[in-house]
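I opened a new notebook page for this structure. My aim was to look up one feature after another and to record each in a sentence or two.

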Amino acid sequence: MALGGFVAWSGWDLELGSVNDPGSGFLLFWVGLIVVGLSVGVLVSALRAPAGPARPIWAGARWDKVALVLVVLVAYGWALPRLGFVLTTTVVLVFLFKVVEPQRWSVAIGGAVASALIAYLVFKVWLGAQLPAGFLELG
Amino acid sequence: MELLQQIGTGFAVALQPTNLFYCFVGVFIGTLIGVLPGIGPVGAMSLLFPVTFKATPEAAIIMLAGIYYGAMYGGSTTSILVNIPGEAASVVTCLDGYQMARKGRAGPALGMSAFGSFLGGTASIVGLMLLAPPLSQFAIKFGPAEYFSLMVLGLSILIYLAHGSMAKALITAAFGIVLGLIGLDSINARPRLTFDRLELVDGVGLVPIVMGLFGVAEVLLNVEQALKREVFQTRIRGLLPSARDWVESRWPIVRGSVLGFFLGILPGGGAVISSFLSYALEKRLSKHPERFGHGAIEGVAGPETANNAATGGAFIPLMTLGVPPNVIMALLLGAFMVHGVQPGPLMMKQNPGLFWGVIASMYIGNLMLLVLNLPLIGMWVQVLRVPYRILFPLILLFCLVGVYTVGNTVFDIYVMILFGLVGYLMKKLEYEPAPLVLAFVLGPLLENNLRKAMILSQGSFAIFLTRPISAVCLLVALFLLVSPLVPRLGRKREELAVEEVS
C-alpha cells in the first residue's frame, strides 16, 4: 500500500499532463492508485477471513541457509571489483560447497577451483567478457 | 509458390554451419535444464543472454528458441523417472509417466514423450509458417489504440490464469509496469524514479530481474527445503513404443497438437496450460478414465505433444505483432531488440532471412532433439544423479557471471540479489512472478501507445471503443478481470488454478 502511495505521489510530482497530451507521471499516478486500491482490498479480505491456524509458510524452512546464501551473494558483489573474478569466485564457491550444504573439502576446493577456471575460460577467453582483474591482475 | 521460396530462404539460413552449431547448443542446453529440476527455461535463457551478444541476430534467436522448445522435451524425463517435473509444463506428465516407470515401462513412456514432442513441435511449426504471413498483413492495420488494448488483454489473461488471488496478481503486474517505467521518459527524456542514480537512468535491466526472480529465488526455495530426489532404479530398455501404444496415443497426439498450438498463440496462455487441458481432455474422452493416474500412455502422449505444440504457437504474436504472449517470449523480444531487430508486422519483409531462418531452424532443432532424447537417454539419467548440493553453487555462479557480463556493473548483481529475495518472498506469500516480468516488458510499450492514442484522439478515450479490434480486446479483458466477482465464473477460475497447482 505504501509502495502504491509512493508511486502515485511520484507520478503526481512528475506532472500528469492533460488528457490531450499525457505527461511523464500520468501512467505512474494511475497505476499507483490502482495498487493502493488493490492493497486495501487484499487487506480487508484478509481481515474478514475466518480466524484459523496461520498457514505455516515458515514451518520447517531452513531460513538460516537462505540468509547465508543472500549474505554470500552480497559479499560477492562487494569483493568482485576488489579481489578480481577468479579469487572471489573461488572463495565464494568453496563457502557455498562447504558451509551451506556441507561436503568433503576435496570436493569443495576441487569443485570451486575447477568451476572458477572454466567460467573464466568460457566468459573471458572465449566470449571476451570484461571481468574484473583485482589485485592478482588475472583479467 | 512464394511460401516454398521463403521456406527455402529459411533453410539456407538455418543450415549455415554457425547457425546449426547455435541450434545444437540451444536444444542441448534446453534439454539439460529441462532434465534438471530447479532451473527453468526462463532462467536458462537469461543466463545465456550475454553469450548471444557476439553472435549474429539469426544465431542468437535460433539458440534462445532452441532452449525454449528443448526444455519442453527434457522436462518429461525428470517427470517420468523421478516424479519431479523438470519444468512447469511437465508437471502433469508425472501422473502417468512415473506410474508407467514403476510398472517397468519407463522406456515406452520416454519414447512416446519424445515422439509426441517431435510431432507436436513439427505440427506447430507448420501452423506458424501458414498463419504468420496472413496475420502479419492483418497486423499492419493496428494503430496505438489496438496495440494498447492487445497488451491490456495479454496482461489480463495472465492475471486471470495466475494461481490464487487475482488481486495479488494485479498488484504484481502493476509493480511490473512501474519497474518498466523507471528511467528516462521516451517522449520528453525526463528521469523517472531514478533516485539520482546514474545506473537507473537507462532503466532496470531485464536480465537481473529475470535471473533474480527465476534463478536466485528458485535456488533459495530449494536450499530452504533440502530437495531430495531419487531416480527410479530400473533398466531403461525398449524405448520404441509398441503398436498398441501407438494406437492408444495417435488421437491424443493429434488433439494435443491442435490444442497446444492455439493455446500457445493466446496471450498469457502457453505450454503449462495446454499440457493441463490436454490431460483433462484425454481423461474426459477416454473410455477408461480410471486408467489415468495409473500409467495410461495417453496421459503422457497428449500433454507432452501439447506443451511442445504451444512453443510454436507462442511465436506468432511476437513475430507478427511484436507483442510477447508470455515471459519467455518477452525475453526473446529483449534479444531481438539487443540485436537491433524490431519484431512485428514488418519483420517478415525487412528481415526475411531472420524470420524464416528461425522457423526453419525449429524443424532442424526438433530433429536434433529426437536424436538427443532417444539414443542419449542414458546420459540424461546420469545428469539426474548429480546432487543438488553440487548444482546450486554452479547455478548461482552462472547467475552472477551472466548478470555481470551484460552491463559490466556490480549494480546489476545487487539488483539480481534484491529480486532473488523479492521472488523468494513472492513464492512464499503466493504472489506469481510471471505477471511482473511480462508487465515490466510491456509497461513502456503500453505507456507509449496509450499516450500516442490520446494525442491522436485529442484526448478522447472513445478511440479505444470505436475501433473494433481495440474494443473487443478491452471487453474480453474486462470480462476476465470482473469474472471472479460472478460466483459461478469465479469457481471455474479457481478450478483451473487448483488443477495447475496440483
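**Entry 1: confidence**

I began with a term that I needed: pLDDT is the predictor's confidence in each residue, on a scale from 0 to 100. I noted that the structure is a predicted model. I then looked up the elements of chain A and found the highest mean pLDDT, 91, in H3(A), and the lowest, 86, in H5(A). For chain A as a whole, the average pLDDT is 84, and 91% of the residues score at least 70.

I did the same for chain B, where the average is 83 and 92% of the residues score at least 70. Among its elements, helix H18 (residues 410-428) of chain B has the highest mean pLDDT, 92, while helix H22 (residues 487-501) of chain B has the lowest, 55. I also recorded that pLDDT stays under 50 over residues 498-502 of chain B. For this stretch the model has five contacts beyond four places in sequence. I reminded myself that predicted coordinates should not be read in detail where pLDDT is low. For the model I wrote down an ipTM of 0.90 and a pTM of 0.78.

**Entry 2: chain A**

I asked how many helices and strands chain A has. I found five helices and zero strands, and from the N terminus on the order reads α-α-α-α-α. The radius of gyration of chain A is 24 Å, whereas the globule rule gives 14 Å for 139 residues, so I described chain A as more spread out than a compact globule. Along the principal axes, its C-alpha trace spans about 60 × 50 × 25 Å.

I next consulted the domain assignment of chain A, which gives domain 1 (2-48) and domain 2 (63-126). The C-alpha centres of these two domains of chain A lie 42 Å apart. Of the 139 residues in chain A, 29% are buried. Among contacts in chain A between residues at least 6 apart in sequence, I found that 46% join residues at least 24 apart.

**Entry 3: chain B**

I turned to chain B, whose secondary structure comes to 22 helices and two strands. Its radius of gyration is 22 Å, which agrees with the value near 23 Å for a compact globule of 502 residues. The C-alpha atoms of chain B fill a box of roughly 70 × 55 × 50 Å along the principal axes. Buried residues account for 58% of the 502 residues in chain B. Among contacts in chain B between residues at least 6 apart in sequence, 80% join residues at least 24 apart.

**Entry 4: where the chains touch**

I asked how many residues each chain brings to the contact. Chain A brings 47 residues and chain B brings 46 residues. On the side of chain A that touches chain B, at least two residues come from each of helix H1 (2-13), helix H2 (26-48), helix H3 (63-83), helix H4 (85-100) and helix H5 (105-126) of chain A. H3(A) provides the largest share of that side, eleven residues. By type, I recorded 30 nonpolar, 13 polar and four charged residues on the side of chain A that touches chain B.

**Entry 5: a glycine in chain B**

I located B:Gly97 in helix H5 (residues 93-102) of chain B. Is B:Gly97 buried or exposed? It counts as buried, because it has 31 C-beta neighbours inside 10 Å and 20 or more are enough. Leaving aside neighbours within four places in sequence, I listed the contacts of B:Gly97, among them B:Ser76, B:Ile80 and B:Val300. I also compared B:Gly97 with B:Phe315: they are 218 residues apart in sequence and 28 Å apart in space, C-alpha to C-alpha.

**Entry 6: two positive phi values**

I noted beforehand that most residues other than glycine have a negative phi. B:Leu193 has a positive phi, near 50°. I found B:Leu193 in the loop between strand E2 (191-192) and helix H9 (206-225) of chain B. With 19 C-beta neighbours inside 10 Å, B:Leu193 counts as partly exposed.

B:Gln458 is not a glycine either, and its phi is positive at about 55°. B:Gln458 lies in the loop between helix H19 (434-456) and helix H20 (463-466) of chain B. I recorded B:Gln458 as exposed, with 10 other C-beta atoms within 10 Å.

Methods: Residues are numbered from 1 along each chain as its sequence is written. Chains are lettered from A and ligands numbered from 1 in the order in which they are written. This is a predicted model: local features need pLDDT of at least 70, side-chain atom pairs count only at pLDDT 80 or more; totals for chains, interfaces and linings use all residues. Helices (H or I, at least four residues) and strands (E, at least two) are DSSP runs, numbered from the N terminus. The radius of gyration is taken over C-alpha atoms; the globule rule is 2.2 Å times the number of residues to the power 0.38. A residue is buried if 20 or more other C-beta atoms lie within 10 Å of its own, exposed if 12 or fewer, and partly exposed in between; C-beta atoms are placed from the backbone. Two residues are in contact if their C-beta atoms, placed from the backbone, lie within 7 Å. Ala, Val, Leu, Ile, Met, Phe, Trp, Tyr, Cys and Pro count as nonpolar, Asp, Glu, Lys and Arg as charged, and the others, Gly among them, as polar. Domain bounds come from an automatic or database domain assignment.
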